[in-house]
Amino acid sequence: MCVICISPKGVRQPYEDEFFDMWTTNPHGAGYMVARNGVVEIHKGFMTYDDFMDQIEFERFTSDDVVVYHFRIATQGAICPQMCHPFPFTTSTEGLRALDVECRVGIAHNGVIRLTSTGNAELSDTALYIRDYLPKRVRKGMNNRVLTTIYNDINSRMVFLFADGNFKTVGSWENLDGLEYSNTHHVMRYASIFR
């Protein structure tokens, strides 16, 4: 099962051993999104732990940054850089497959969306849901009723990060030391050797 980690404003970023545990339990690629300069920046398609960590070290995120990290274990779609999360909120297949993109809303998902589990090799269930269903759900904005409708569609966890640094979650999340996790299957699975 994939894992999403949200570091809200004012909360520390994950430690290196936490990144290692999330990667080791979800080794099919990683990505992250950050709200800054009035946009959501998405960078994804890191297919090795070292490449991911090199990028995170380059970023030098602090507790002032709102960052969403995603570590993938493939359940739908190919194991490839383009199907790593996060995704921009777009109906463009090309946009969904982009590795580095700026957008107004970024999305990461954890789970299997049966509604869009078609066996499509080009797009995962999440990418198909974002492209084909999500625009119909959020026509008039994203309120609690809309979030409930999305949950009824996906029966799993999703996070929306907005350009202003606010975010909304769907499904149940776990808080550990201020960080929000879509699940904690990775916790304590491997020795904490980096702290």
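A residue is buried when its relative accessible area is under 20%. Strand S4 is a good place to apply that cut-off in this predicted model. S4 is mostly covered: six of its six residues are buried. Val66, Val68 and His70 point one way from the strand. Val67, Tyr69 and Phe71 point the other way, and they too are buried.

What flanks S4? On one side comes S1, paired with S4 in the antiparallel sense over five bridges. Here valine 3 stands opposite phenylalanine 71 of S4. S2 also pairs with S4, running antiparallel and joined to it by six bridges. In that pairing, valine 34 faces valine 67 of S4.

Now widen the view to the sheet. It is open, has seven strands, and follows the order S6-S3-S2-S4-S1-S11-S10 with antiparallel pairing. Its edges are strand S6 (100-103) and strand S10 (174-176), each of which pairs on one side only. Neighbouring strands are turned by 20° against each other on average, direction ignored. At the S10 end, three bridges join S10 to strand S11 (residues 179-181), and the two run antiparallel. One detail of S11: leucine 179 is the bridge partner of leucine 176.

Helices come next. Helix H1 (residues 16-25) packs on the sheet. H1 touches strand S1 (3-7), strand S2 (30-36), strand S3 (39-46), strand S4 (66-71) and S11. The direction of H1 makes about 35° with that of S4. Helix H2 (residues 49-59) lies across S2, S3 and S4. H2 runs at about 15° to S2.

How do H1 and H2 meet each other? Their axes come within 11 Å and cross at roughly 145°. The crossing is right-handed. From H1, the residues involved are Glu16, Phe19, Phe20 and Trp23. They meet Tyr49, Phe52, Met53 and Ile56 in H2. By class, this contact has seven nonpolar residues, no polar residues and one charged residue. A general point helps in reading such a list. An α-helix has 3.6 residues a turn, so residues three or four places apart point the same way.

Helix H4 (residues 125-132) gives another view of burial. Six of its eight residues are buried, so H4 is largely enclosed by the rest of the structure. The buried ones are Asp125, Thr126, Ala127, Leu128, Tyr129 and Ile130. Which elements cover them? Among them are strand S5 (87-88), strand S7 (105-110) and strand S8 (157-162). Helices contribute as well, including helix H3 (93-97), helix H5 (134-137) and helix H6 (144-154).

Last, the cysteines. A disulfide is a covalent bond between the sulfur atoms of two cysteines. The working cut-off is a sulfur pair within 2.5 Å. By this rule the model has zero disulfides. Why does cysteine 84 have no bond to cysteine 80? The closest cysteine sulfur to that of cysteine 84 is in cysteine 80, at 7.1 Å, and this is too far for a bond. Cysteine 84 is also buried, with a relative accessible area of 0%. Cysteine 103 is in no disulfide either, and the nearest cysteine sulfur, that of cysteine 84, is 16 Å away. Cysteine 103 is likewise buried, at a relative accessible area of 12%.

Terms used. Residues are numbered from 1 along each chain as its sequence is written. This is a predicted model: local features need pLDDT of at least 70, side-chain atom pairs count only at pLDDT 80 or more; totals for chains, interfaces and linings use all residues. Side-chain values use heavy atoms; hydrogens and water are left out. Two strands pair if DSSP finds at least two bridges between them. Helices (H or I, at least four residues) and strands (E, at least two) are DSSP runs, numbered from the N terminus. Axes are lines fitted to C-alpha atoms, for helices over the stretch in contact, and angles run from 0 to 180 degrees between N-to-C directions. Contact means heavy atoms within 4.5 Å. Buried means under 20% relative accessible area, exposed over 50%, partly exposed in between (1.4 Å probe, protein chains only). A crossing is left-handed if the near helix is turned anticlockwise from the far one by less than a right angle, and right-handed if clockwise. Ala, Val, Leu, Ile, Met, Phe, Trp, Tyr, Cys and Pro count as nonpolar, Asp, Glu, Lys and Arg as charged, and the others, Gly among them, as polar.
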